[in-house]
Amino acid sequence: MYDYVLIAHAWWRWVVLLAGIVAICTAVRGWVQGLPWAGSVSDCGKMFGLAVDVQFLMGASLYLVFSPMTNVALNVAEGLPAGSELLFFGVYHGLIMTVAFIDVHVSAVIVRRGRSDAAKHRRSIVLYGQTLLIIIVTTPWWRPLFPTHH
């Protein structure tokens, strides 16, 4: 089961990145063109949040249930060498991606509370951009980009 979830998690990153880019580009277009905050404009932010939710659930299942790395990392956490994959996946990746998961939902609330359509567009650009940046920085790009097996 570990292999299947890991492959799905690795492939789903592309959905998350695409959804984030589309949400930001749609907000830019809405802000520049003075579009109302409704329909597809607001739906793109929701789709980004949903994509992050699915990715987070797969990652949490890997971390908490399926991954053999987690038990090793937690048992020897103090002795892990800096820059090791075990330290990255056992500590940093899960922690920072949890921050991204929380960030996308807090961002959605802040965006909805904008007083005008333009304010909602601007907030979307900044806040969803922030979430996407966190995700991009914490993605293990050295791993296969399109894995088919582990």
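Start with the largest pocket of this predicted model: its lining takes in 37 residues. To find the middle of that pocket, look for His-9, Gly-59, Leu-62, Phe-89 and His-93, the lining residues that lie nearest its centre. The space inside comes to about 780 Å³.

Which helices build the walls here? At least two lining residues come from each of α1 (2-33), α2 (40-66), α3 (68-75) and α4 (85-112). Try tracing these four stretches in the structure above, and you'll see where the lining of the largest pocket draws its residues from. The largest share belongs to α4, which supplies nine residues.

What about the chemistry of that lining? Sorted by class, the residues around the largest pocket come out as 23 nonpolar, 12 polar and just two charged. Keep those counts in mind as we move on.

Now for the second largest pocket, which holds about 150 Å³ of space. Its lining is made of 13 residues, and those nearest the centre are Gly-45, Lys-46, Ala-108, Arg-112 and Tyr-128. Here the elements giving two or more residues to the lining are α2 and α4. You've met both of these helices already, as they also contribute to the lining of the largest pocket. Which helix gives the most to the second largest pocket? That's α2, with six residues.

As for the classes in this second lining, there are six nonpolar residues, four polar ones and three charged ones.

Conventions:
Residues numbered from 1 in each chain as written. Predicted model: local features only at pLDDT ≥ 70, side-chain atom pairs only at ≥ 80, totals over all residues. Heavy atoms only, no water. 1 Å grid on protein atoms, 1.4 Å probe; cavity = no way out; pocket = protein on both sides within 12 Å on 5 of 7 lines; lining within 4 Å. Points joined across faces, edges and corners; volume = space filled by probe spheres on them. Nonpolar A, V, L, I, M, F, W, Y, C, P; charged D, E, K, R; others polar.
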